[in-house]
Structure formats: C-alpha cells, structure tokens
Amino acid sequence: MTSTAVETRAGRHPLLLLRPDFSQPARCSVDLVTAAARARETGGAICLLLDGPSMPWSVAGVPVVTARGVQRLWLSAVWRTALAARDLRAWWRDVAASVAYEWRRELRRHIGDDRLPFELRQRLRSMAELSKRRVSAETNAFPRRMLRAPSTVSLSPDFIEQTRRQLTAHGITDGKPLVTFESRTRPDIARAVLEFLVREGYAVARIGDPDDGFYSYDGVTDLTRLAPRPPSLELFLVSASAFIVCESIDLQQLAYLTNIPSLMINARDPFVAYPVRANGLMTLSTAVDLDTAQAITITDMLTQPYFRDLHKQQVRGRRRGSHGYRDNTTEELIDAITEMRAGIAAGWTTESESQSRFRTRVVEAGAALAAVSAHVAEWGPDDGFIGDGRLVRFQADRVS
Amino acid sequence: MSRILFVMLHPGFIRYYEDAIHLLAASGHEVNLAFEISRDKLGEDMTAQRLAASSPNIHCEPAPERTESVRDFIIRSDRTATRAGDQRRQRSDHEAWESLATTVRLIEDYLRFFEPEFRDASTLRGRVEKRLPRVYTQVLGVAGRPQATRRIIRAALRGVEAIIPTADGIDNFLRERNPDLLLVTPLIELGSQQVDYIKSARKLGIRSALCVASWDNLTSKGLIRVLPDHVLVWNEAQAQEATTLHGVPPDCITVTGAQTFDRWFAMRPSRSREDFCRTVGLDPGRPFLLYTGSSVFIAPDEVPFAERWLTALRHSGIPRVSEVGALIRPHPANSRQWYAFDSAAFANAAVWPPVGTDPNSHGFKEDFFDSVYYSAGVVGINTSAQIEASILGRPIFTVRSPEFAHGQEGTLHFRYLAGDGGVVRAATSLAEHVQHLASELEGDAAGNERNREFVRRFVRPHGLDRPATPIFARAVDALRQLAPPAARPDSLWVRTARMPGRSLAAAALALAEGRPVWVYVMRQPMTLAIHTVALGYRLTDQWQAHGRPVIKRMRRVAWRWWYESSQWLGHRWHRSKKKLLRMTRGARGTARRFVGLR
C-alpha cells in the first residue's frame with residue numbers, strides 16, 4: 001500500500017501534493033497522516049488538490065495550502081505526472097517480475113535436461129536463482145513508521161456540526177460516550193458484547209455490512225442498512241468515538257487519522273492487524289488445523305506454512321484452506337474491551353512483559369518471512385518496526 | 001449371457017447404480033465396470049472391491065491408462081507446475097491429440113455458460129475458466145459473448161472434435177471386452193475424456209448409452225459433446241434438459257426414475273428415537289432440526305452461516321423454534337471445515353456423524369436415514385439430502401443467502417427444489433426462515449402433499465409405488481437387445497483433415513501450458529542458444545579430453561625432436577667446431593710451414 005502523496009518543491013520549500021479521495025476514507029486517512037508526518041520531517045507543507053468541497057479537517061503544525069487557479073493546474077499536472085510515472089514504474093516492475101518468472105520457468109525446463117553438460121546446467125541453475133531473487137526483491141511496504149506518531153489532524157467544526165445533525169437524525173446523541181462497532185462475528189456473541197457496552201454506559205453505533213440474523217435493541221444504533229451511507233459518516237463516527245471495535249483493516253486505519261483507540265477483533269493475520277499506535281489492541285481468532293482438528297497456537301500463526309495457506313485462500317482464491325477459524329468468545333471480547341478501557345484510562349503507559357515479548361516475536365518472524373512472502377514484506381515490520389500497539393493480554397500470556 | 005461394459009469416471013459413481021448393477025448381474029448379465037481413475041477420498045475403491053466380491057457376474061477393473069488425463073492438462077497449465085527437465089520428455093503424437101481433445105471440450109464447456117439460461121452462473125463459468133489456459137479465456141471472454149460468434153466457434157470446435165482420432169488403447173479395450181452395450185457415466189465432467197469411449201463405440205459399432213448419475217449433471221457441468229445412442233435420465237425435467245441444453249433427440253431419451261433413492265423408500269430406522277438422540281448427543285425429549293451440509297462448490301465456507309442460523313433459532317423468541325434441537329450433518333466430501341464449529345457453544349446442538357467418519361463404515365447410511373427420519377424438518381443450502389428428506393415427507397427449508405448465491409440462484413438445479421413446484425420453503429432472511437419453521441414444525445398437510453407430488457415428478461415418474469431400479473435395469477436390457485448400430489469408421493475427409501490437424505494438436509499441447517505468447521516465440525531461439533553454448537561446452541570437453549593430450553603429445557614430440565635435434569646439432573656443431581679448429585690449426589701450421597716461419 002503506497003501513499004498517493006507526491007513530493008515536490010515550491011521555491012526552496014518542500015511541498016507534498018495530495019488529492020484526498022473521500023470515497024475511500026481509510027486510504028485517505030493513511031495518505032493524510034503519512035503526508036503530515038513527511039511534511040513535519042522535511043519542514044515542508046501539504047498542498048491539497050481538491051476538486052469539490054474543501055477539506056473537512058485541519059492538520060496542526062504543518063502548513064496546509066490549497067492551490068488555486070494556474071498554480072493548481074500546474075501542481076495537478078505535476079501530481080498526475082508523478083503518479084503516472086509511479087504507476088508506470090509499478091507496471092514495469094510487474095512486467096519485469098513476470099518476465100523474470102517466465103524466464104526462470106524456461107530455464108528450469110533446461111536445467112533438468114540431462115543431455116546438457118553438467119556445468120551448463122549448473123550455470124543455468126544459478127541464473128534461475130538470480131531471476132528468482134529479482135522477482136521477490138521489491139514490494140511496497142505499509143508505512144508503519146510514518147503512521148507511528150499520533151497524528152495532529154482534527155475535523156473542521158462545520159463538518160462536525162453537519163455530521164452530528166445526520167447522526168442525531170438516526171438517534172445517536174451526545175449524551176453518552178460512543179463506541180463504533182463493526183464485526184460479522186456470531187450474532188449471539190455480538191449481542192452479548194453490545195449489551196456489555198450498553199451496560200457500561202456507552203452508546204453504540206453498529207456499522208459495516210448488514211448481517212442477516214442481527215437483532216437491534218436499546219442503546220445500539222444499527223447503521224448497516226442505512227442507504228445511501230456517506231463515507232464521511234464513518235469518518236465522523238470513528239472520530240467521535242471513545243474507541244472503536246472493528247474487524248476490518250479499513251476501520252483500524254481510519255482510526256489513525258484522529259488518534260482514536262481501536263480494538264481489532266477476530267484477526268486472522270497478525271501482521272496486517274498489528275496496531276501501529278500505542279492506543280491499539282488486537283485479538284486473534286482461534287485458527288484450527290483442518291487436517292488434525294487441533295487449534296494451532298499463536299506462535300504457529302507466525303510461521304511460513306500458515307501464511308502460505310492464508311495467501312492461497314485470500315489472494316489465489318482457493319475455496320478451501322488448511323485452516324478454519326473460531327471467532328473470539330464473548331468472554332474474550334469482554335476481556336479485551338476491559339483492557340481497552342483500562343488502557344485509555346491509564347494513558348497506555350504500561351504493557352505486560354508477554355505483550356512486549358509478542359511484539360518482538362512478530363518483528364523477528366516478519367523479518368524472517370519477508371524474504372519469502374511478499375505479503376509479509378508488505379504488511380510486516382517497516383524497517384524493524386511493527387507497531388506500538390499490542391495483542392490483548394490474555395492471548396499474549398498464552399504465547400510461550 | 002450378455003456383456004455390459006459400464007465405464008465410470010471413478011468408483012464413487014457406484015453408489016448411484018449399485019442396486020441396478022446387482023439386479024443386472026442377478027438377471028444373468030455379465031457386468032464389467034471400468035474406472036478411469038481410482039479414488040479413495042471417501043473409500044470409493046473399497047466400494048468397488050466389495051461390489052466385485054458380491055457376484056461372479058460383476059468385474060471391476062481400471063480403464064486403459066491415458067497418455068494425458070484432464071488432471072495432467074490442468075497441472076500443465078498451473079503456473080507453478082513446470083518441472084525441471086520437462087522439455088526432455090518425449091511428447092508423443094498421441095499426447096498432442098489428447099491435449100487438443102481436452103482443450104476443445106473445455107472450450108465448449110466454457111462457451112456453454114455464456115448462454116442466456118446461465119446468466120447468473122458466473123461461478124460455474126469461473127470453474128471452467130480456471131481449467132482453461134488464459135490465452136483461450138482472454139479471447140473467448142470477448143468472442144464468446146455474442147450468440148452468432150458462439151455458434152461459429154462451436155461449429156468449428158465440433159469440426160475439430162471430429163478429426164481427433166480415437167485412442168488406440170480404448171479401441172483395443174472395447175474390442176477385447178466386446179460388449180453388447182456400453183454404459184458411460186458421468187460423461188459431462190468438464191473437459192471429459194469419456195467422450196472417447198462414445199467415439200470408439202461409434203467407430204466399432206457398439207451400442208452406447210449415457211447414464212445421468214445425479215440431478216445437477218446436465219445443468220452444472222459440461223456438455224454431451226458426442227451424442228451416445230441413448231440417454232437414461234431420472235425424470236421429465238432432465239429429459240427436457242437433455243433435449244434443450246445438449247441437443248439429444250427426444251426419441252433417444254429414456255426416463256427411468258432416480259434409482260439411487262430407491263432404498264430410501266424401503267429403509268426403516270435402525271434404532272429407536274431415544275437411542276438415536278442419546279447417541280448423537282441431543283435431548284430426546286425435544287424435536288430436532290437436521291441441518292444438511294452442502295458440497296464444497298455450493299458452500300465452501302458454511303460454518304459461519306450455520307452459526308448464524310443456530311443463533312437465529314435460539315434468539316427467535318418463539319419457544320417451538322428456540323428450544324428445538326439442531327443436528328448438523330456435514331457433507332461427506334466437505335466435512336473438514338466443521339472441525340472449526342464449536343457445537344458446545346449452542347445448547348442441544350450436535351454434529352453427527354463426527355467429522356472424518358468413513359462413509360463406507362458400518363452404519364453410515366443407517367445413521368443418515370435415522371437423522372432424516374427422526375428430524376422434525378431438514379434445512380440446507382442446496383443439497384441432494386433435501387430430495388431424500390422429501391421422500392421421507394419431512395418439511396424442507398432453505399435460506400437464500402448472498403454468500404451462497406452462486407450455489408443457489410447461480411445453479412439451474414436449485415430451481416427444482418425452490419422454484420415452482422419445488423419442495424423447499426425458501427426464505428430470503430433468517431427472520432423469515434424462523435417464521436417458516438414456526439408455521440411448519442406444527443405439521444403441515446399441504447407440505448406433505450407438496451413432497452409427494454415432488455417425489456412423484458422428480459424421483460419416481462412412473463409411480464410412487466414403482467421402484468426405479470428395475471425400470472432402469474429393464475431399460476438397459478432393452479437397449480442391449482437392440483441390433484448393434486453400423487460401425488462408423490473415419491471418413492476420407494476426416495483422415496485427410498488429420499494431416500493439418502496435427503499442427504493444431506501440437507499447438508494445443510504447447511498452449512496448454514498457459515504461458516504468455518512471448519514465451520513460445522522465445523522458446524526456440526532460447527533452446528538454440530542454450531544448445532549452442534552447450535556445443536561450446538562440449539567442444540571444450542572434447543578439447544580437454546582429446547585435443548589437449550594430442551597437442552601435449554605433439555608438443556612433447558616436438559620438444560623431443562627439437563631437443564634431440566638441438567643436441568645432435570650441438571653435438572655436430574661441437575664436432576664441426578672441433579674439426580674446424582683442428583682444420584684451422586692444421587691450416588695455420590701448414591701456412592706457417594709454407595711461409596717458412598718455422
């Protein structure tokens with residue numbers, strides 16, 4: 001996942017050109033936060049290339065300018081050219097990777113030909129290995145380090161007012177702290193967790209895909225069937241929440257924009273889900289090995305065979321993998337929410353030894369797997385940094 | 001005694017015809033079963049052994065081995081599957097023809113799913129697409145859409161199919177067995193090679209028939225590419241499918257009923273309800289619903305749905321529904337995923353038989369029967385267990401869920417269950433489904449009548465009291481008694497067209513690898529370059545082995561010659577020098593004497 005921000009110069013000052021895509025709030029938030037971090041690093045400014053309405057947020061500590069007139073046209077052209085060049089590079093990389101891959105396959109056909117002299121076959125083998133290394137050389141890593149520092153983005157008062165009116169129309173008022181809940185977990189578990197949150201004094205807004213079998217009740221506003229659902233609604237909901245409980249990576253990334261604590265539940269991939277900021281928590285699903293019917297350990301979820309299987313299912317569209325998943329139980333989720341609340345109250349100053357040990361394990365596993373898995377290279381540690389967030393304590397304690 | 005040769009894809013198809021085969025054998029026919037592939041996923045090979053042991057008139061054997069199976073074809077187009085030394089393998093002419101045959105048949109199957117009746121069947125189309133190399137799907141994805149081009153391509157494919165020669169192995173096999181009747185099932189597998197049996201039978205003048213094994217065979221798989229002499233189907237709906245979708249003339253179709261379900265009419269429970277409930281772990285005091293799992297194509301990820309279903313039941317607020325027991329019966333070929341299901345999380349729910357139970361184990365069928373017999377209703381996504389439930393008169397339910405749309409609305413056979421005259425009450429949401437359960441668990445006379453009508457139409461079209469197995473056996477016997485058709489050897493134009501067809505076959509064999517076009521363009525120059533370099537290596541080797549020692553020897557000889565000659569020359573020179581010296585000295589003395597210096 002790469003940022004769409006383009007770095008240029010205006011006179012002597014570095015300028016980061018950005019065209020936020022409001023229809024993709026998660027992508028937009030990652031772009032903005034990484035651009036702000038980069039601008040702070042270089043002492044530059046962010047220049048927004050907006051087609052429609054003005055930006056609904058502001059960034060503290062970084063000058064944000066909106067280009068107009070001829071300047072806008074020029075900067076737009078620069079931005080488009082830079083992105084086109086980036087796309088071209090990516091395309092070329094793909095073509096080169098494909099050619100290298102096919103080249104390797106052709107070489108392999110000859111390597112096994114015992115009519116060829118041994119030395120030549122050895123040479124062909126080393127050429128094939130070389131092309132293999134070239135294929136797996138480049139990936140776009142998720143910019144974890146750029147997202148690390150708490151962002152200084154805040155929503156504009158006009159936007160807050162406008163969206164608040166929308167939410168009030170749906171029954172969400174200011175009286176109680178809000179929790180945004182997004183999950184397709186078993187309805188009975190979701191129900192118990194939502195009841196717990198309501199009992200603890202929260203108002204809950206449920207978003208995400210509509211879920212057949214879900215029953216709404218007092219204190220919970222179901223926005224899943226709201227149509228049309230403007231993307232800004234999710235953005236506001238997240239930023240107005242005391243914390244979010246989510247299952248999708250998009251929502252977790254949206255929370256980075258306004259530093260909202262996030263609890264990611266039922267994660268299957270410890271690298272993708274690992275929270276970047278200290279106010280992030282995650283829980284992992286229980287993975288079951290479908291050959292042995294045994295639940296695998298969290299340590300096993302950091303191994304190459306596990307990722308190979310996950311990759312086959314998610315990327316190559318295999319209908320069946322070697323692993324099944326059990327959602328987190330009600331008790332586990334309530335434990336996680338309790339830990340989240342304690343973390344918010346304590347300012348995320350402490351973590352258990354098992355949690356920091358798990359982080360080290362993830363970094364080590366990521367470094368080892370990045371060489372063989374493009375997926376881990378993309379989502380794993382960014383230059384040795386996986387995140388300041390943590391795995392929930394009860395699961396971290398289970399990791400030997 | 002007459003000979004019937006029954007060619008099956010694998011021994012798993014025995015279960016559809018077991019009773020009919022027994023009946024034919026008991027009537028004095030010699031039944032030879034030939035299996036194209038052996039399969040032991042669900043203990044099918046054991047079933048074949050058991051069947052062969054049951055009667056001296058039944059013989060089971062493997063069909064002749066093929067140069068290239070459909071599986072080989074698919075593996076070759078797998079992007080990661082090129083093996084070292086692949087080019088060293090000698091590729092026979094025959095392999096190329098088989099590759100062409102598989103390609104042509106897969107393309108025909110692919111085009112089929114562009115027809116208007118399959119507009120919702122994108123997953124079925126995707127299933128063929130995965131098997132075809134990309135080079136074809138890229139072209140056909142565009143060219144296959146208009147009806148006119150589809151017709152042209154199909155006509156061309158039929159022409160190509162005609163010139164593909166029959167396999168010598170199959171011809172010989174049929175000649176040796178010399179059957180009075182050749183039965184083939186299922187024939188309609190994607191890219192099926194069983195077509196070659198029909199072609200060989202036509203060539204040799206052997207009467208052939210396709211036995212349609214299951215209810216979805218004619219709609220969710222491939223085409224009958226070369227028509228056999230007869231087609232045996234379950235019911236009028238399948239007869240209609242055979243005519244409209246596969247172009248089988250109506251007078252070649254025989255409706256026999258679904259012989260595979262006959263035993264469901266005769267079976268009785270193997271134990272009492274209390275015993276059964278105690279065995280499976282349900283409360284005997286309450287009625288239970290049977291959830292029947294579907295195949296992997298229909299429901300690859302069924303567990304989350306089943307969990308939502310159970311939760312909907314438990315939280316329905318209707319005592320009759322919320323307290324009902326739930327028995328989950330995984331599909332035998334899709335059971336592994338149920339390891340992730342935690343039945344303990346739900347009261348009065350159980351999975352039975354336990355995941356991984358061998359379908360050939362003692363009591364497996366009885367368990368299934370008891371599960372349906374004692375259930376208050378049967379729920380499933382889209383599975384033949386719903387037909388079995390209709391035979392026992394149980395209310396049957398389904399829920400149309402977006403995640404299974406490809407396996408419900410996306411298949412034609414689902415309409416027999418849930419369409420007009422169907423036997424399944426289909427809900428659009430779990431809430432509606434709960435209402436259906438609440439109303440029908442009470443007992444529904446209209447539902448019973450609906451079941452009976454469905455069974456009469458779909459399972460026993462000759463009458464509810466007339467088992468299909470004897471009708472099937474009689475139909476087979478009647479076909480056997482018909483005079484054999486005239487042998488149809490290859491015509492002159494077919495034999496002539498085979499000459500250029502060879503290039504087509506070679507191209508199909510190469511393209512089956514599914515590589516980018518530039519690879520084929522580059523392959524020959526690359527091979528040439530590698531072999532040129534290899535020649536260099538060989539020359540170096542030859543030089544090292546032979547040239548160098550010769551040079552060395554020659555050098556040594558030269559050196560010796562030079563040495564010896566130089567020695568000789570030196571010696572001569574020395575001697576000459578001495579002689580010269582002597583002569584000089586002599587001359588000097590003579591001169592001195594001459595000049596009188598002394």
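# Reading a two-chain model

Modeller: In helix H8 of chain A, the buried residues are Leu251(A), Gln252(A), Gln253(A), Leu254(A), Ala255(A), Tyr256(A) and Leu257(A). Please keep in mind that this is a predicted model.

Biologist: How many of the residues of H8(A) are buried, and what follows for the helix?

Modeller: A residue is called buried when 20 or more other C-beta atoms lie within 10 Å of its own. In helix H8, residues 249-257 of chain A, 7 of the 9 residues are buried, so the rest of the structure largely encloses this helix. After H8(A) comes Asn259(A), with a positive phi near 60°.

Biologist: Is Arg109(A) buried or exposed?

Modeller: The same count decides the matter: the cut-off for a buried residue is 20. Arg109(A) has 22 other C-beta atoms within 10 Å and is therefore buried. Arg109(A) belongs to helix H2 of chain A. One may also compare sequence with space: Pro25(A) is 84 residues from Arg109(A) along the chain, and their C-alpha atoms are 48 Å apart.

Biologist: Is Asn178(B) buried or exposed?

Modeller: The exposed class requires 12 or fewer neighbours. Asn178(B) has 10 C-beta neighbours inside 10 Å and therefore counts as exposed. Asn178(B) is found in the loop that runs between helix H8 (168-177) and strand S4 of chain B. From Asn178(B) to Gln238(B) there are 60 residues in sequence and 30 Å in space, C-alpha to C-alpha.

Biologist: How should a sheet be read, and in what order do the strands S1, S2, S3 and S5 of chain A stand?

Modeller: One reads the order, then the pairing, then the edges. Here 4 strands make an open sheet, ordered S1-S2-S3-S5 in chain A, with mixed pairing. Its edges are strand S1 (6-10) and strand S5 (64-66) of chain A; each has a single partner strand, so one side of each lacks a neighbour in the sheet. From one strand to the next, the twist averages 35°. Strand S3 (residues 45-48) of chain A runs parallel to S5(A) and is joined to it by 3 bridges. Within this pair, Cys47(A) stands opposite Val65(A) of S5(A).

Biologist: Which strands does helix H1 of chain A touch when it packs on the sheet?

Modeller: Helix H1 (residues 25-42) of chain A touches strand S2 (13-18) and S3 of chain A, and its direction makes about 175° with that of S2(A). Helix H2 of chain A lies across S1, S2 and S3 of that chain and runs at about 145° to S1(A).

Biologist: What is the pairing in the sheet S14-S13-S15 of chain A?

Modeller: These 3 strands form an open sheet whose pairing is antiparallel. Strand S14 (294-295) and S15 of chain A are the edge strands, each pairing on one side only. Strand S13 (residues 286-289) of chain A is linked to S14(A) by 2 bridges, and Asp289(A) has Gln294(A) in S14(A) as its bridge partner.

Biologist: Which way do the residues of strand S5 of chain B point?

Modeller: In strand S5 (residues 208-211) of chain B, Ser208(B) and Leu210(B) point one way, Ala209(B) and Cys211(B) point the other way, and all are buried. Strand S4 (residues 181-185) of chain B runs parallel to S5(B), with 3 bridges between them; Leu182(B) stands opposite Ser208(B).

Biologist: At what angle do helix H7 and helix H22 of chain B pack?

Modeller: Helix H7 (residues 147-163) and helix H22 (residues 492-511) of chain B pack at about 105°, their axes being 9 Å apart. They are therefore roughly perpendicular to each other. H7(B) contributes Val160(B), Ala162(B) and Ile163(B) to the contact, while H22(B) contributes Val494(B), Ala497(B), Arg498(B), Gly501(B) and Leu504(B). Of the contact residues, 6 are nonpolar, 1 is polar and 1 is charged.

Biologist: How many residues does each chain give to the contact between chain A and chain B?

Modeller: Chain A gives 28 residues and chain B gives 36. On the side of chain A, the elements giving two or more residues are helix H2 (69-111), helix H3 (118-135), helix H6 (187-199) and strand S15 (323-326). H2(A) gives the most, with 7 residues. By character, this side of chain A has 10 nonpolar, 4 polar and 14 charged residues.

Biologist: Which domains does the assignment give for chain B?

Modeller: The assignment gives domain 1 (1-63 + 179-258 + 465-489), domain 2 (70-165 + 498-515), domain 3 (263-459) and domain 4 (522-598). The C-alpha centres of domain 3 and domain 4 of chain B are 100 Å apart.

How values were computed. Residues numbered from 1 in each chain as written. Chains lettered and ligands numbered in written order. Predicted model: local features only at pLDDT ≥ 70, side-chain atom pairs only at ≥ 80, totals over all residues. Domains from an automatic or database assignment. Axes fitted to C-alpha atoms, helices over the stretch in contact; angles between N-to-C directions. Parallel < 35°, antiparallel > 145°, perpendicular 65-115°, else oblique. Contact = placed C-beta atoms within 7 Å. Nonpolar A, V, L, I, M, F, W, Y, C, P; charged D, E, K, R; others polar. Pairing = 2+ DSSP bridges.
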